[in-house]
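I opened this notebook to keep track of what I looked up, one topic at a time.

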Amino acid sequence: MKHWSLCLITLFLFSPTGFGQGSKWEKHAPPPHTDVQCQTCHACPKPTKTDPCLVKCPRMHILPGHHPEQTGPNVLQMGDIASQYGPVVFAHKLHAEMSEMSGGCYDCHHYNSTAMTILSCRECHPKSRARADISMPDLKGAYHRQCMDCHRQWTHSTDCNGCHLKNEPGKTDAEAMRARELAGKVHPEVPLPTRVSYETRNQNGSYVTFFHDDHAKRFGLKCADCHKQEGCVRCHDVTKSKTADTKIREVKTQRSMEQLHEPCFSCHASDKCESCHVAAPMKAFDHARSSGWALNRFHLALSCQKCHGEKKRFTKVDTKCQTCHKGWTAAAFKHRITGLQLDETHGGLECESCHIEMNFAKPPSCAGCHEDKTYPAQRPGKMVSTTTNN
Amino acid sequence: MKQPSRRAFLKTAALAGGTVAGLSATAKAGPKNVLSPDRNGVLVDTTVCIGCRSCEYACRTAHGLPTPPLETYGDKTVFKEMRRPNTGALTVVNQYPNPTKSDLPYYVKVQCMHCDHPACVSACIVGAFSKQENGAIIWDTDKCIGCRYCMAACPFQIPSFEYEKALNPEIRKCDFCYTRTQENKLPACVDACPVEALTFGPREEVVRIAKQRMATYGNRYVNHVYGELEAGGTGWMYLAGRDFADLKFPKLGASPAPGVSEAIQHGIFAYFVPPVALYAILGAIMWMTKTREEGA
Ligand code: SF4
Ligand code: SF4
């Protein structure tokens, strides 16, 4: 014990700005941020295991990591002004689910202790507005700042009664009802667009077509990979369909060139402008058009990553069977799997006889033996059902 | 807490300063103009304000002014026009567009700034105006003769006059909730604000907090605390997300500039005009002005 505290003092004296590499620290999981000072978390100069004297509100982002949203509370009731209003029912889980694209849990739980406990608002924000330490808002201010920034954007209102129900005789059950209603609620699934086409000011090609479906489903990107700081008003705006107050709405959000391109550039940084900016909106992604190889049946069902590797930049794959099908041999291959069962004459031929240079991306050629035949007008066998696999 | 001796010394010094600054002639009547180190201030963070106008409601209620029901304050159409504080509303909130986030316009609450070197106090020829230890600029209705020099002198055009009243019209403006603060309560608006866009505390502390906020959330604010230095410093100070000129804040230098008003006052007293004569002259001026206004 003595040795331990001695080590702490030494570290405190000689390394106040960083957690040293000293072996004794192995017992203390190093905080994820190296710029955390001892005093940020410990109130006393000699913290011990029994008395770590942890600071209540460290005022620093030291949340070690996300916990699954299921472990957070479902619905909270805040009844601090019970004399005038019934408790405010806050659908915590519903908000946590939605927060992913707008800053996540940190948005509200901006400072936390190292002890893996998530601090609630009231643990740091004092209840009284008249107070000596005015460096952070009081509880009322903290709550409203969090709620109102989004809610006033989509309701265009600052009315109290959206959240607060006035105490009135006979209305006592209203909050309980609201709590029950919100308890089991989950955020409805967001309908994803298949394709979005943007008209830009690029003079050489004004259209950029974004294949949302491909990116989200085929390439396996997560929503927050692109939608990093998305406001709730992207979807929630009660007046969007109505004629909005033009005085407020005429100002368009200005985003710099960098901000606009940022989501694309994380993968497409080395692409030329012309690969996205073209004269007309693009058609849906077509493997045959883009790569020259039409996918059918089995290949069509595969995810892109299966052949092209993980997300981010996909690499071009050659069309040799062995590239993916290791150990593939012509002898063991049953041609009927392609939907064409070769007749006896053709079944004995080498692949190259019809598939010139073993390039399966090109249509087969009959010219090696027949002067008057072409594929697919004439077929070297019969078509079979491809829905069964034998 | 500060040592009483130091505070007493500073008060005397401030009083002496005030006297030199042009109140010698009225020294007997002694309008209070203290610059106490303990004076309070308020930081208005216009990037936090949501434009709910709860402060307007609270202010009217606290001052016994006719107050429409709270529910009507949600009406956003009032923002179509720029409003100024007047005799019925001692504070008002105006809306300005936010060029980067159109859904989150900026709101600016306007009221008396409670200047450190108040032009109104200097201008008031009968010593009705005073600056109190807690920072509030208040006035004594019984002393006020309705000359409206304070209105002319104020760089922020704050004091208003009950023109609509024929009998006993009075000067009105925000009084920093002097009665409430004497009872250790917060100013009504500060108390009511749901988002604590208004931070009340010792002025020195308020300035420190303002700078701390700018340092922590740099890209939220323009690099300026309006009122820290303007007109010699004001009790109410502002933080903003866009240029203060765009939010209709007057561009003022750092020197307290009650210039014109002091000149008037000095002129009158320099010739030892006795108070009775003064009232006669002012009465005549007022009568003339009034007739002209009615004629117009
Ligand atoms: S803002 Fe005007 S009325 Fe208020 S203290 Fe300053 S000079 Fe006086
Ligand atoms: S009460 Fe606060 S948030 Fe509402 S308008 Fe006044 S200063 Fe702004």
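How do the residues of the shell around ligand 1 divide into nonpolar, polar and charged? I find 10 nonpolar, 1 polar and 1 charged, where Ala, Val, Leu, Ile, Met, Phe, Trp, Tyr, Cys and Pro count as nonpolar, Asp, Glu, Lys and Arg as charged, and the others, Gly among them, as polar. The surrounding residues include B:Cys112, B:His114, B:Phe156 and B:Lys173, a residue being near the ligand if one of its heavy atoms lies within 4 Å of it.

I note that this is a predicted model, in which local features need pLDDT of at least 70 and side-chain atom pairs count only at pLDDT 80 or more, while totals for chains, interfaces and linings use all residues. Residues are numbered from 1 along each chain as its sequence is written, chains are lettered from A and ligands numbered from 1 in the order in which they are written, and side-chain values use heavy atoms, with hydrogens and water left out.

Next I looked up B:Phe156, which, leaving aside neighbours within four places in sequence, is in contact (heavy atoms within 4.5 Å) with residues including B:Arg84, B:Met113 and B:Leu252. B:Phe156 is also one of the five residues that touch the most other members of the largest nonpolar core, which has 43 residues; such a core is a set of buried Ala, Val, Leu, Ile, Met, Phe, Trp, Tyr and Cys residues joined through side-chain atoms within 4.5 Å, and buried means under 20% relative accessible area (1.4 Å probe, protein chains only). Apart from it lies another core, of 17 residues, with B:Cys120 and B:Tyr149 among them.

Technical notes
Buried means under 20% relative accessible area, exposed over 50%, partly exposed in between (1.4 Å probe, protein chains only).
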